Amino acid sequence: MKLSEYIKHLQDILDTCGDVPCIYSSDEEGNSFHFVNQKPSYMTAIIDDDDIELVDLEEIDDEPFTEVCLVN
């Protein structure tokens, strides 16, 4: 999913529900939930199929990389 699509979904929620608190699940099964306290940020990543590796720009030699939005 691209950032613009993600923002569109968030805007739809804002329009429907108002300025509600944001929470996240600690795992895929929803065993616990926590409030989101961190702002989203961007990172540098190497993406190979479904494998994503976050890296520092200094660590990249000739591998193709992309900027990604990290939603904490």
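Good morning. By contact I shall mean heavy atoms within 4.5 Å of one another. The structure before you is a predicted model, and I shall begin with a residue to which that definition applies.

Thr44 is located in strand S3, which covers residues 41-48. What does Thr44 touch, once neighbours within four places in sequence are set aside? The contacts are with Glu53, Leu54, Val55, Leu57, Ile60, Phe65, Thr66 and Glu67. Thr44 counts as buried, because its relative accessibility is 8% and the limit for that class is under 20%.

Strand S3 also holds Ile46. Its relative accessibility of 12% places Ile46 among the buried residues as well. Ile46 and Ser25 are 21 residues apart in sequence, and their C-alpha atoms lie 25 Å apart in space.

Beyond strand S3, the chain enters a loop that leads to strand S4 (51-55), and Asp49 sits in that loop. Is Asp49 buried or exposed? With 72% relative accessibility, Asp49 is exposed. Its backbone deserves a remark: the phi angle of Asp49 is near 55°, a positive value in a residue other than glycine.

Let me now turn to confidence. The protein chain has an average pLDDT of 86, and 96% of the residues score at least 70. Among the elements of the chain, helix H1 has the highest mean pLDDT, at 95, while strand S5 (residues 66-70) has the lowest, at 78. As a general caution, where pLDDT is low, the predicted coordinates should not be read in detail.

Helix H1 is my next subject. This helix comprises 15 residues, and the distance from its first C-alpha to its last is 21 Å, close to the 21 Å expected at 1.5 Å a residue. Just after H1 comes Gly18, with a positive phi of about 85°.

How many salt bridges does a search of the whole structure find? The search finds one. It joins the side chains of Lys8 and Asp12, with a distance of 3.0 Å from N to O. Both Lys8 and Asp12 belong to helix H1, where they are four residues apart, about one turn of the helix. Lys8 is partly exposed, with a relative accessibility of 48%. Asp12 is also classed as partly exposed, at 33%.

The surface carries a nonpolar patch as well. Which residues form this nonpolar patch? They are Met1, Leu3, Tyr6, Ile7, Leu10, Ile13, Val20 and Val71, and together they present about 740 Å² of accessible area.

Two members of the patch may be considered individually. Tyr6 is in helix H1 and is partly exposed, its relative accessible area being 34%. Leaving aside neighbours within four places in sequence, Tyr6 makes contact with Met1 and Val71, both of which are also listed in the patch. The C-alpha atoms of Tyr6 and Cys22 are separated by 14 Å, with their positions 16 residues apart along the chain.

Leu3, the other member I have chosen, lies in helix H1 (residues 3-17). Leu3 counts as partly exposed, at 46% relative accessibility. From Leu3 we may pass to Cys69, since the two residues are 66 apart in sequence and 7.1 Å apart in space, C-alpha to C-alpha.

Cys69 is found in strand S5, the element with the lowest mean pLDDT. Its relative accessibility of 37% makes Cys69 partly exposed. Not counting residues up to four places away in sequence, Cys69 touches Leu3, Pro40, Ser41 and Tyr42. Of these partners, Leu3 lies in helix H1, and Ser41 falls within the range of strand S3, residues 41-48.

My last residue is Asn31. Where is Asn31 placed? Asn31 is in the loop between strand S1 (23-25) and strand S2 (33-35). Asn31 counts as exposed, with a relative accessibility of 56%. Apart from neighbours within four places in sequence, Asn31 is in contact with Ser25 and Ser26. The C-alpha atoms of Asn31 and Ile13 are 23 Å apart, and the two residues are 18 places apart along the chain.

To close, I would return to three points. Thr44 in strand S3 is buried at 8% relative accessibility. Lys8 and Asp12 form a salt bridge, and the search of the whole structure finds one such bridge. Finally, Cys69 is in contact with Leu3, although 66 residues separate them in sequence. Thank you for your attention.

Terms used
Residues are numbered from 1 along each chain as its sequence is written. This is a predicted model: local features need pLDDT of at least 70, side-chain atom pairs count only at pLDDT 80 or more; totals for chains, interfaces and linings use all residues. Side-chain values use heavy atoms; hydrogens and water are left out. Patches are made of residues with over 30% relative accessible area and no salt bridge: like charges are joined within 9 Å, nonpolar side chains (Val, Leu, Ile, Met, Phe, Trp, Tyr) within 5 Å. Accessible areas come from the Shrake-Rupley method with a 1.4 Å probe; for residues, only the protein chains shown count as cover. A salt bridge is a side-chain nitrogen of Lys or Arg within 4 Å of a carboxyl oxygen of Asp or Glu. Helices (H or I, at least four residues) and strands (E, at least two) are DSSP runs, numbered from the N terminus. Buried means under 20% relative accessible area, exposed over 50%, partly exposed in between (1.4 Å probe, protein chains only). The expected span of a helix is 1.5 Å times one less than its number of residues. pLDDT is the predictor's confidence in each residue, from 0 to 100.
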